[in-house]
Each structure stands twice: as C-alpha cells, then as structure tokens.
Amino acid sequence: YYHLLEKYVYFVDNLRSGSSWWDRDTSVVDLLGKVMERVNKDPTMQVQVPLKWLPFTNLLQQHTEQLPPVMKLNEITKNAGRLCGIQSDEEAHRMVEFHHSLGLLLHFTSTPALCNNVVVDVEWLLTVTSALLHPLSTEDPQFSKHFCLLHTHGILLESLAMHIWSTRCSQSSKLMTDER
C-alpha cells in the first residue's frame, strides 16, 4: 500500500487556484500532473470506449429504477440501437461485456441458462439473494419443512425460493418466471 502513496505535499493557495488556467497555483498544476500520470499508468484507463456508449452507461448509473432489474439480451440490443445508435448485435454485446467488466451489470456468457439474461440492477440481485440468507420466518407451516431442509442441508426448493422472493422483492417474479 505504501508504494502507492506519493512522497510529496502540495500546498494550495485557495485565492489563486480557482482562477483561469494560466494563472493557477503551481501546486495545483503539479498535483494535476501527478494525478494524470497515475491515471495514465492504470491499465483500466487504457481501454478506449466509443463515446456513443455513454448514454447507456449513464442510464445504468442513474436510472436503474426506470429499468426492470433483469432484461433479455435482445432487449438490451434493441435499446442500445435506439439509445446509442449501435447498429450491430456484435457491438451491443461488446458494450454489455464492457459494462459487465465495470460491475455496472451482470451478464454470464459461460452459463447457457443465463446467457440471454442481463442483470441491469446489481443491487436488486444482491437484495434478492440476501433474502435467501436471511429468510423471513420459519413459522409458516406450509414451508417449515422446506426451511428446515435449507438450514440443515443447504437445499433450496424452488417453491421456497418463490415464497421468499415474492414476499421480499416485488420484482423478483420476473427473474423466476422468465425462460429457464
């Protein structure tokens, strides 16, 4: 960790640092140079991203409540065409994989059952998954044996998952009722 720390201290003159670029405090200019040097060394900053992908990035970061938590890959492809002017499925898939690598969405290409689904609200998925770890109650007589099986043997029956998710997350039924 210590090798990442800079060995310099930058004193900033607050009276001069906000003025025009040619009249900036030299400490601010030096600090900006060090920051840019560090940023340029970061391998993730070396990836060139088409500017037309930015509306999709903004949508994922700021408007997840406007999107369903899980979308089909072909829906994303259509929306990418409309929103970003992306014409080919190949470019739309590259855009999805890029956003997956950033953690803004989840797309699992190596699992045939999941490869057509894209989780666009990662926080929603965490909420739904945590509902399994902290179920509501084992008092429901209809599911008491199912809860016992989950807690003692780690076996989750689909009927119990549907019960927990429908109780905890109103949108979870979309994930469960989509094509398997």
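**Figure 1. Lysine 52, partly exposed at 34% relative accessibility, in a salt bridge with glutamate 91.** In this predicted model, the side chains of lysine 52 and glutamate 91 meet at 3.5 Å, taken from N to O. Lysine 52 belongs to the loop between α1 and α2 (54-62), whereas glutamate 91 sits in helix α4 (residues 89-102), so the salt bridge ties together parts of the protein that are 39 residues apart in sequence. The two partners differ in their exposure class, because lysine 52 counts as partly exposed at 34% relative accessibility, while glutamate 91, at 11%, counts as buried.

**Figure 2. A salt bridge between glutamate 90 and arginine 94 in helix α4.** The side chains of glutamate 90 and arginine 94 come together at 3.2 Å, N to O, and the two residues are separated by about one helical turn because they are 4 residues apart in helix α4. Glutamate 90 counts as exposed, with a relative accessibility of 58%, and arginine 94 counts as partly exposed, with a value of 43%.

**Figure 3. Helix α1, with a salt bridge and residues of a nonpolar surface patch.** Lysine 41 and glutamate 37, which both lie in helix α1 and are 4 residues apart, or about one turn of the helix, form a salt bridge of 3.8 Å from N to O. Lysine 41 is exposed at 58% relative accessibility, whereas glutamate 37 is partly exposed at 38%. Leucine 31 also has its place in helix α1, which covers residues 26-41, and at 35% relative accessibility leucine 31 counts as partly exposed. Together with Leu32, Val35 and Met36, Leu31 forms a nonpolar patch on the surface, and the accessible area of these residues together is about 320 Å².

**Figure 4. Lysine 72 and its polar contact with asparagine 117.** Lysine 72 is part of strand β1, which covers residues 70-72, and with a relative accessible area of 15% lysine 72 is buried, because buried residues are those under 20%. The side chain of lysine 72 is joined to the side chain of asparagine 117 by a polar contact of 2.9 Å.

**Figure 5. The whole protein, as a setting for the close-up views.** The protein has 8 helices and 3 strands, which follow the pattern α-α-β-α-α-β-β-α-α-α-α along the sequence. Of the 180 residues in the protein, 27% are buried, and the accessible surface comes to about 12,500 Å², with 58% of this area belonging to carbon and sulfur atoms. A search of the whole structure finds 3 salt bridges.

Notes
Residues numbered from 1 in each chain as written. Predicted model: local features only at pLDDT ≥ 70, side-chain atom pairs only at ≥ 80, totals over all residues. Heavy atoms only, no water. Buried < 20%, exposed > 50% of the residue type's maximum accessible area, 1.4 Å probe, protein only. Polar contact = N/O pair within 3.5 Å; in protein donor to acceptor, adjacent residues only side chain to side chain. Patch = residues over 30% accessible without salt bridge, like charges linked within 9 Å, V, L, I, M, F, W, Y side chains within 5 Å. Areas by Shrake-Rupley, 256 points an atom, 1.4 Å probe, with all protein chains shown as cover. Salt bridge = Lys/Arg side-chain N within 4 Å of Asp/Glu carboxyl O.
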